[in-house]
Amino acid sequence: MKLPLHERERVIIKTREHSRVLRQPISAFLILTALCTFAIGYLSRDNLSDWLADNADVWMIVAVVLWAALVLIWSIVPWIRWTRSLIVLTSERIMYRSAYSQGQLQSVGLFTVRDLVAYAKQHNAMTRAGTLDIVLNQGYVRIAHVPSVPYFRSLAMEAMANLRGSRDAAHTETTNSEGMGA
């Protein structure tokens, strides 16, 4: 996917939501597959009761169709949402699209950010995945499931410092050049 970047803007890091979001869809897929294979195996036995043996083929088809529908809803759709999620840090802004947004790529300019607060739970010590709160003047924006959130925060803080430093240099350069002709 091509990112809509400004002139002189460069990508620092590009990632998607942490893969732990996929634990529930994978678990649902495994459980549904086990239940479906059990049901089909049970229905293919020779010693079924008469009322069940008469319609065993129909019940097998119903089990497979039900399995396919539930796998689509509980596993494939969340996986597609996860593949569409995006978190990008550039030299001028943070762009993100969460798994549950309408597909719009949203962005927050780094010059409007007052602070970045990273939350990571203790049991995530290995992956350090967590939540990033972007504190603005009028509230905050929360980005969930950021992989290695302390590292992402440090990169964003460094980009903010570089952006403010370049703005201050550009401001002093213009004020000095204006005063030279007078």
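User: What makes R23, L30, I31, T37 and F38 of α1 exposed?

Analyst: Exposed means over 50% relative accessible area, buried under 20%, partly exposed in between (1.4 Å probe, protein chains only). R23, L30, I31, T37 and F38 are exposed, on the other side of α1 from its buried residues. This is a predicted model: local features need pLDDT of at least 70, side-chain atom pairs count only at pLDDT 80 or more, and totals for chains, interfaces and linings use all residues. Residues are numbered from 1 along each chain as its sequence is written, and side-chain values use heavy atoms, without hydrogens and water.

User: Which residues of α1 are buried?

Analyst: P25, A28, L32, C36 and L43 are the buried ones. They lie on the same side of α1 because their arc around the axis is only 60 degrees. That arc is taken from the directions from the helix axis to the C-beta atoms.

User: What covers the buried residues of α1?

Analyst: The cover includes α2 (50–53) and α3 (56–84). Contact means heavy atoms within 4.5 Å.

User: How does the reach of α1 compare with the expected span?

Analyst: The expected span is 1.5 Å times one less than the number of residues. Helix α1 (residues 23–43) has 21 residues and reaches 30 Å from first C-alpha to last, close to the 30 Å expected.

User: Why are β1 and β4 called edge strands?

Analyst: Two strands pair if DSSP finds at least two bridges between them. The open sheet runs β1-β2-β3-β4, with antiparallel pairing. β1 (11–15) and β4 (106–109) each pair on one side only, so they are the edges.

User: What shows that β3 and β4 pair?

Analyst: Strand β3 (residues 93–97) and β4 share 4 bridges, in the antiparallel sense. At one bridge, I94 has V108 in β4 as its partner.

Key
Helix = DSSP H or I, 4+ residues; strand = E, 2+ residues; numbered from the N terminus.
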